[in-house]
Amino acid sequence: MAKFVIAGAADCPYYAKVELLADTLERNLQSFMLHKIVINPDEWKTWLSQLCEERGWNHKKSPIIWRELVDRGGKGILIGGANEFQEYANGYYDIKSLLTSDDLMTIAAENKATKKEIDAEEQKVKKQRKPVKVCITNGTGDVCYHLAESFASGKILGPGVEIDLVLHEYARTKSLMDLYTAEHEETTLDGVVMEMTDLACPLLTTVTPTTNARVAFADCCTIVLLDEIEQEEDETTPSWLSRVHSRFVGYARVINEVAPPNVKVIVAGGGPINFIVSMMIENAPLIRRQNIVGCAQLVECQAKGVLAETLTLNSAGVVDVTVWGSVNGSIYVDTTRAKLHGFDGAVWGPNWFAVSANETTRNDKWLETEYQELVRTRTAATRTQTGHSLPAIASASALATTLKYWWNGSPAGQTFSLAVLSEGWFDVPEGLVFSCPVMFTSKGYWTVCQDIDLSQQSKAKLQTIVQELKEEREVIYPPPKKESESIVATPSVEGSEGSKLGEEGGEDDDKFNLDKIDEDREGEEQAKSIGSKTGVETGEEVVDGEAEEEDEEATEEGEEEGEGEGEGEQGVVEPGDESVEKAEE
């Protein structure tokens, strides 16, 4: 099958003539394919010169017609100008153009006016089109190196979506606040920017390197956090988690301030992803909590890879494997719903046909023990073979797949693992970040697959992981301490003594408190002093020795009362009660 290409200046009457002739051929011949290229008169000579130079042709006038073989490609076969095409049409198809010169001039003028309108409309659309902004942190890392190309080529956001790419690198400064205000430093980011420019991707409008978090996160539609904070050899886990918390809380607060509420934030890398997502949600209240997630796709792909190697199968044919729990931590790989497409077994079928993974392996013990361990140690095995801290290619591919499905929807009926904030699903406490099966049923949204029945054994494993995640979170947010028994016992003991004092002074026991004891003490001492003064004013002799004896007797009586209340109680006895009574008399 051949395709004919007709190109010419918009105001050329000869272009109008061959255009109408070619339209007639296309309407009447099924195998005749036509493509038109209309160029502004001012740009025609430059365009024609470049075309002929690229293809090795020699042509000077408008129009130019050539023939391309659709199934073979190549530069095409030059037919020539208007006269050559008319001879070609007459010789092969016995068709001629019967238009007069006046008709051709009228059509040429209409073509020119139409071209101006189309160009003006395209310029208007281009001005209205606003590229979306995407930020990737740890811009010099291996994962970013592979992921950036997927964004630039349109594999993630889709064809036709232009992007402004920002590569962020953490500022190596002493003060945490410098993270938000640091100016761009000369780093290897510049080399990455040069490579991205050399890609010449039409959808990549700009590439910006920066160490300023505010500049990086402002007005982003997607933020990919790839920062890795490795735990040092002699560092305790609480100290390491505190460092992780410090950096990502700083990120969360900046995102909360400068990013739109519907920004999509995905956490990946080799750190405690569930912990980071939890801290991010906690400190970015203005961002929709369902828009901050952790990427579990890498672990899921590793689980599929181990299964495919065992069954001698392409890993792309393994679907619906679920990774439960803590990404990069304690996980449980569930294959009860996993299916295999293209498995070389006794029964074959079309592309949609699949067999159960569990029924194919027929080894539940292996799936629950050795298989789980192989998946958990997959990253370490890759690190040993390649020397990289993370499997960069697989990590970038897993991120690209997750983001692609998040933006454009996932294949119907398939589930994928994602670390999200729990709302009580599968007996996981509400508010805990947990990896579970989801579907990207509509563009920009995910839903948890809640119609999954778990065995008691699986539920027990999930609860073990839940407890570990709780302990991890309690490093930063410790649970409230319970009141000690000593604190509870103290007011009750003093309360009993205070009740007796209240009875002697005629006070209500139910309103007793520690402050009341102090008031009683002060009142009794004041009454005692008033009584002494009263005795002097009325002429009664008040002997110091007698007062002291009375005080000692009162003290002894108080001690006897304290001992009589029971072993182990400590009474509070106020001296001078009798002197108060005498003073009142």
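The questions and answers below go through the cavities and nonpolar cores of a predicted model.

User: What makes an empty space in this protein chain count as a cavity, and how many cavities of 30 Å³ or more are there?

Analyst: A space is called a cavity when a 1.4 Å probe fits in it but cannot get out, and by this rule the count comes to four cavities of 30 Å³ or more. The largest cavity has a volume of about 110 Å³, and the second largest cavity one of about 60 Å³.

User: Which residues are closest to the centre of the largest cavity, and what makes them part of its lining?

Analyst: A residue belongs to the lining when it has an atom within 4 Å of a cavity point. There are 14 such residues around the largest cavity, and the closest to its centre are Ala268, Gly269, Cys295, Leu298 and Ser395. Helix H11 (297-311) and helix H16 (392-408) each supply at least two residues of this lining, and H16 gives the most, with three residues.

User: How do you know which classes of residue line the largest cavity?

Analyst: Each lining residue is sorted by its type, with Ala, Cys and Leu among those that count as nonpolar, while Gly counts as polar. Sorted in this way, the lining of the largest cavity has 11 nonpolar, three polar and no charged residues.

User: Why are two residues in the lining of the second largest cavity called charged?

Analyst: The lining consists of Asn274, Phe275, Ser278, Leu432, Val433, Leu469, Glu472 and Arg473. Helix H10 (273-283) and helix H17 (456-473) are the elements that give two or more residues to it. Because Glu and Arg both count as charged, Glu472 and Arg473 belong to that class, and the lining divides into four nonpolar, two polar and two charged residues.

User: What makes a group of residues a nonpolar core, and how many residues has the largest one?

Analyst: The members must be buried residues of nonpolar types such as Phe, Ile and Leu, joined through side-chain atoms within 4.5 Å, where buried means under 20% relative accessible area. The largest such core has 58 residues, and among those with the most contacts inside it are Phe217, Ile255, Leu307 and Tyr371. Helix H9 (residues 237-258) gives the most to this core, with nine residues. A second, separate core of 57 residues includes Leu157, Val224, Trp425 and Leu462.

User: Which residues does Leu307 touch, not counting residues up to four places away in sequence?

Analyst: With contact taken as heavy atoms within 4.5 Å, Leu307 touches Val318, Leu340, Ala357, Thr361, Trp366, Leu367 and Tyr371.

Technical notes. Residues are numbered from 1 along each chain as its sequence is written. This is a predicted model: local features need pLDDT of at least 70, side-chain atom pairs count only at pLDDT 80 or more; totals for chains, interfaces and linings use all residues. Side-chain values use heavy atoms; hydrogens and water are left out. On a 1 Å grid over the protein atoms alone, a cavity is a set of points where a 1.4 Å probe fits but cannot get out, and a pocket is an open set with protein on both sides within 12 Å along at least five of seven lines; lining residues have an atom within 4 Å of a point. Grid points are joined across faces, edges and corners, and a volume is the space filled by probe spheres set on the points. Helices (H or I, at least four residues) and strands (E, at least two) are DSSP runs, numbered from the N terminus. Buried means under 20% relative accessible area, exposed over 50%, partly exposed in between (1.4 Å probe, protein chains only).
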